[in-house]
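Me: I'm new to this one, and I'd like to learn how to read it. Can you walk me through it a feature at a time?

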Amino acid sequence: MAGYCLIKIKKNKMSTEKIGFIGLGNMGLPMAKNLEKAGFSLSVYNRTIEKADDFKAKSTVFTTITELVKNSDVIFTMLTNDAAVKAIYEEVLTLDIRGKLFIDMSTISPETSKKLAAAVIVKEASFMDAPVAGSTKPAADGTLIIMVGGDEKDLQRAEPYFQKLGKEIKHLGENGKGIAAKLSINYFISTIYQGLAETILLSDKLGIERKDMLDIINESASGSGATKVKTPLLVNDTYAPAFALDLMLKDILLAKDSGADFPLSKTLIETYQSAHDAGFGKDDVIGIINYLKQ
């Protein structure tokens, strides 16, 4: 499929399919919660079972992947990295999954995503990569941008659920295209956050109050959703993770492996890797400012 198809969210009839959601981390939990709030028949699984406690009242909590997959028609996976996704699908692929639709919303390598798609299709099931643009607040608000790689017929089947998770769906083509778009946008965001952190440190040195500098940035042509969402963290100088620095490092390295070989690439990798090595990996990504201070 050449180019992409932008699908504006519209109202659909309620699906009667059984939905499974694997992975209740910072992003997965609010996303699954939105599916629950929408009234879908939902089952959830998380390796740390306590994270599923809030779903016990209205949904089904399974303690094994096998149980969840057997009792679901459409299965979402939202996990941290390639290793976590591979571990889940190793078990999935031992099961009878004919007719089921798997939607992986994790940020992993295009190579892994394509291999999983091929393996799932051999088992007479369907697979879509559908990573998202947006962090924890858009996940909670249901305003993510969903980037999809997969067949049109599978997108039509998934659309009622995507409606509750995001404000836009971009169908970019075959399996792997959604991941490709995700790595590209995160590469760009990594440059924004390093540039923003360096700018704030410069204005600090020059005696400008952070709030004043951030007001100028956000009201000028250089402002964006990315700068605005990190403004409270920079003003308060606290960096609880909405999107951890380690996750951005992972995505930059995936982008490098996928062909990012540009003047900024080496600098980004060196900076984010050094910030990780210095102990800042668990902070929010804009916490890279604390590493740059050194």
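Reply: Sure. Let's start with a definition: helices here are DSSP runs of H or I with at least four residues, numbered from the N terminus. Keep in mind that this is a predicted model.

Me: What follows helix 9, and what is the sign of its phi?

Reply: Right after helix 9 comes Asp237, and its phi is positive, near 55°. Helix 9 itself spans residues 225–236, and its buried residues are Ala226, Thr227, Lys230, Thr231, Leu233 and Leu234. Among the elements covering them are helix 7, helix 8 and helix 12 (288–293).

Me: Helix 8 came up there. Which of its residues are buried?

Reply: Buried means under 20% relative accessible area. In helix 8 that goes for Arg210, Met213, Leu214, Ile217 and Asn218. Looking down the helix axis, these residues fall within an arc of 130°, so they line one face of helix 8. On the other side, Lys211, Ile216 and Glu219 are exposed. The buried residues pack against helix 7, helix 9 and helix 12.

Me: Now the inside. Which residues of the largest nonpolar core touch the most other members?

Reply: The general idea is that in soluble globular proteins, nonpolar side chains tend to be buried together. Here, the largest nonpolar core has 32 residues, and Phe21, Met31, Phe76, Ile103, Met105 and Phe162 touch the most other members. Several elements each supply at least two residues of this core, including strand 2 (18–22), helix 1, strand 5 (74–77) and helix 6 (152–165). Helix 6 gives the most, with five residues. Apart from this core lies another, of 29 residues, with Met213, Tyr239, Ile252 and Ala275 among them.

Me: What does Phe76 touch, setting aside its neighbours within four places in sequence?

Reply: Its contacts include Ile19, Phe21, Leu35, Ile103, Met105 and Phe162.

Me: And a charged side chain: is Lys33 buried or exposed?

Reply: Lys33 is counted as buried because its relative accessible area is 12%, under the 20% cut-off. You'll find Lys33 in helix 1 (residues 28–37). Not counting residues up to four places away in sequence, Lys33 touches Asp54 and Phe55.

Me: Last one, the surface. Which residues make the nonpolar patch of about 300 Å²?

Reply: That patch is made by Leu202, Leu206 and Ile208. Take Ile208, which sits in the loop between helix 7 (177–205) and helix 8 (210–219). With a relative accessible area of 37%, Ile208 is partly exposed.

Conventions: Residues are numbered from 1 along each chain as its sequence is written. This is a predicted model: local features need pLDDT of at least 70, side-chain atom pairs count only at pLDDT 80 or more; totals for chains, interfaces and linings use all residues. Side-chain values use heavy atoms; hydrogens and water are left out. Patches are made of residues with over 30% relative accessible area and no salt bridge: like charges are joined within 9 Å, nonpolar side chains (Val, Leu, Ile, Met, Phe, Trp, Tyr) within 5 Å. Accessible areas come from the Shrake-Rupley method with a 1.4 Å probe; for residues, only the protein chains shown count as cover. A salt bridge is a side-chain nitrogen of Lys or Arg within 4 Å of a carboxyl oxygen of Asp or Glu. Buried means under 20% relative accessible area, exposed over 50%, partly exposed in between (1.4 Å probe, protein chains only). Contact means heavy atoms within 4.5 Å. A nonpolar core is a set of buried Ala, Val, Leu, Ile, Met, Phe, Trp, Tyr and Cys residues joined through side-chain atoms within 4.5 Å. The arc is that of the directions from the helix axis to the C-beta atoms.
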